[in-house]
Amino acid sequence: MSAPKPADPAPGTALTGRVVLADANSFFASCEAVFNPSLADRPVVVLSNNDGCVVARNRPAKALGITNGTPWFTIRERALQDGVVARSSNYELYASLSRRMMAIMAHFLPNQEVYSIDECFMDSIWNDKRTVEICRELRAAVLRSTGIPVSVGVAPTKTLAKVANHWAKDHPSTEGITLWSQVEAQYGDQALASVPVDQVWGVGRRLTGRLMGMGITTALNLRDADPSLIRHRFSVMLQRTVLELRGRPCIEPEADAARGVRTDQILCSRMFSHPIEGYTTLAQALSIYAQKACRRLRRQHGLCGKVRVFCSTSPYAPQQFCAVGRTVVLEDPSDDPLVIAGAASRALKGRVDPHARWIRAGVVLLDLTDADHFHTLEGLDAARDTHGLGDVLEDATRRFGPFRVGVGYGGIRGKGRGDEDTGADWAMNRCMLSPRSTTRWDEMAVVQAR
DNA sequence: TCTGGGGTCCTAGGACCC
DNA sequence: TCTGGGGTCCTAGGACCC
């Protein structure tokens, strides 16, 4: 008979350590207010590309009952009457402020894992008291240097740190910082009982429906569910969630998150401002998307082995929904914009209905490998961009701006100020774009002293 | 008229091998 | 007549996240 197995060592996180999750409050809306302080107290919503759906809103906008994902055109009139300010999403500004915010936070705590544009995990080896002091300094530094308010949750696991972070946002008395151990000490199981199961990290709409059917409606119910039953009926991922709610760390740091660069696939897709028809226009869009994707590929020193392209008609249109996709296997892995854009723009030739009304198209780069470690037999090397075209394009883009030069259809240049404004009439609408005050000399904020 | 974009991980099932 | 079992790899699809 074997000795009883010791408890599995917790991956990723020391058992005595604390997971710290810092997450910006209404990040996109907060960014909009940084250079326009008059927005701070007004309801603000930020719209998806093409000014389609609401993707972010600040507290006053939430109080008006506006939810994420709502198509803007369905609420525009009412919202404007209510004094709502709408903005097109300005990712260039958000990404710039995000980088500053992350860099500042990294000074305060170790092992930063940038999880998304507005949040990061960190570790604290300090006791509760010292951890709170550090988090307080961190919040103040980010606010002072970027104008972005952040909330902080501290717990033994990532899933509980998420819960604690929500708690901090929902309870002003916490002043933006919540230690889960304190909440538990004060409220016991009532704390998790007050969290609906669909708010738990890792539980989406589908799972919520199935869990409800089993009588699991709160985070507390989920925590107390049988882990092996959950694994059997759902998946190993939800089982991990159960264990994490019990305070046992099971979610490893994302392998490459710390380096923040390498991904397994690169996707560039867009909706058009209006439906387009015909292969030529489609090929033009695909060529441009492929070049954007290729720039990202080169930035992460990657090569791609396959190029997938797809396009689809509107699921809301009265006509039959139609989606077409094709994956092209490259002869050799490549980072050459001529090869990749060429493959993308030719992929659908002869395969699309010339009368279909396409509203979206995209390019995915797959089978990514690391260019720095790509070796093969003599004479069978990757189709590297040996003529240096990619570097020239990158350099020209840096110096003269996007879409001044490109391959194939990629060089067309339009009239507007958006990156996305290729000049093609199908390029997306961004009617309410704020200035990119941190990345464009000609859009810097102007301050007047009186 | 007008409904986003970019990722990750897991699983089931088929092909293939010995 | 009797027709196995276990492994790997790949892919498509489904779920999730922000």
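The following exercises, each with a worked solution, concern a predicted model of a protein with DNA strands.

**Exercise 1. The nonpolar cores**

Task: Determine how many residues the largest nonpolar core has, and which elements each supply at least two of them.

Solution. Step 1: The largest nonpolar core has 37 residues. Within this core, L282 and L365 have the most contacts.

Step 2: At least two residues of this core come from each of β9 (266-276), α13 (279-299), β10 (302-313), β11 (323-334), α14 (337-346) and β12 (358-366). The element that gives the most is α13, with 9 residues.

Step 3: Consider L282 in particular. Once its neighbours within four places in sequence are left aside, L282 is in contact with F272, I276, C311, L348, V352, W358 and A361.

Step 4: Another core, of 30 residues, lies apart from the largest core. Among the residues of this other core are L109, C120, I134 and I148. As a general background, nonpolar side chains in soluble globular proteins tend to be buried together.

**Exercise 2. The two sides of helix α3**

Task: Identify which residues of α3 are buried and which are exposed, and state what the buried residues pack against.

Solution. Step 1: The buried residues to consider in α3 are W72, I75 and A79. They lie on the same side of α3, because the arc that they cover around the axis is only 85°.

Step 2: The spacing has a general basis: an α-helix has 3.6 residues a turn, so residues three or four places apart point the same way.

Step 3: F73, E77, R78 and Q81 are exposed on the other side of α3.

Step 4: The packing partners of the buried residues of α3 are β2 (44-47), β3 (54-57) and β4 (85-88). After α3 comes G83, with a positive phi near 85°.

**Exercise 3. The surface near DNA strand B**

Task: Describe the residues that surround DNA strand B, by number, by class and by element.

Solution. Step 1: DNA strand B is surrounded by 23 residues, and the closest are L267, S269, R270, M271 and R296. Of the atoms of DNA strand B that come within 4 Å of the protein, sugar and phosphate account for 67%.

Step 2: Two backbone contacts involve phosphate oxygens of DNA strand B. A backbone N or O atom of D264 is 3.0 Å from such an oxygen, and for M271 the corresponding distance is 2.8 Å. In a contact with a base, a polar side-chain atom of Y316 lies 3.5 Å from a base oxygen of DNA strand B.

Step 3: Two or more residues of this surface come from each of α3 (72-81), α12 (236-245) and β9. The largest share, 6 residues, is that of β9.

Step 4: By class, the surface near DNA strand B comprises 12 nonpolar, 5 polar and 6 charged residues.

**Exercise 4. The surface near DNA strand C**

Task: Establish which residues come nearest to DNA strand C, and which parts of the strand lie within 4 Å of the protein.

Solution. Step 1: There are 14 residues around DNA strand C, of which S116, K162, G202, G204 and L207 come nearest.

Step 2: Sugar or phosphate makes up 100% of the atoms of DNA strand C within 4 Å of the protein.

Step 3: A polar side-chain atom of D118 is 3.2 Å from a sugar or linking oxygen of DNA strand C. Phosphate oxygens of the strand are approached by a polar backbone atom of R205, at 3.5 Å, and by a polar side-chain atom of R206, at 3.2 Å.

Step 4: Both β5 (113-116) and α9 (205-213) supply at least two residues of this surface, and α9 gives the most, with 3 residues. The classes are 5 nonpolar, 3 polar and 6 charged residues.

**Exercise 5. The surroundings of L222 and G176**

Task: Decide whether L222 is buried or exposed, do likewise for G176, and name the contacts of each residue.

Solution. Step 1: L222 is placed in helix α10 (residues 219-223). Its relative accessibility is 0%, under the 20% cut-off, and therefore L222 counts as buried.

Step 2: Not counting residues up to four places away in sequence, L222 touches V197, V200, V203, L211, I216, I230, L238, T241, V242 and L245. From L222 to T241 the C-alpha distance is 8.5 Å, across 19 residues in sequence.

Step 3: G176 belongs to the loop between α6 (158-170) and β8 (177-179). G176 counts as buried because its relative accessibility is 9%.

Step 4: Beyond its neighbours within four places in sequence, G176 is in contact with R139, V150, S151, V152 and A168. G176 and V150 are 26 residues apart in sequence, with their C-alpha atoms 7.1 Å apart in space.

Note on methods: Residues numbered from 1 in each chain as written. Chains lettered and ligands numbered in written order. Predicted model: local features only at pLDDT ≥ 70, side-chain atom pairs only at ≥ 80, totals over all residues. Heavy atoms only, no water. Core = buried A, V, L, I, M, F, W, Y, C linked by side-chain atoms within 4.5 Å. Buried < 20%, exposed > 50% of the residue type's maximum accessible area, 1.4 Å probe, protein only. Helix = DSSP H or I, 4+ residues; strand = E, 2+ residues; numbered from the N terminus. Contact = heavy atoms within 4.5 Å. Near = heavy atom within 4 Å. Polar contact = N/O pair within 3.5 Å; in protein donor to acceptor, adjacent residues only side chain to side chain. Nonpolar A, V, L, I, M, F, W, Y, C, P; charged D, E, K, R; others polar. Arc of directions from axis to C-beta.
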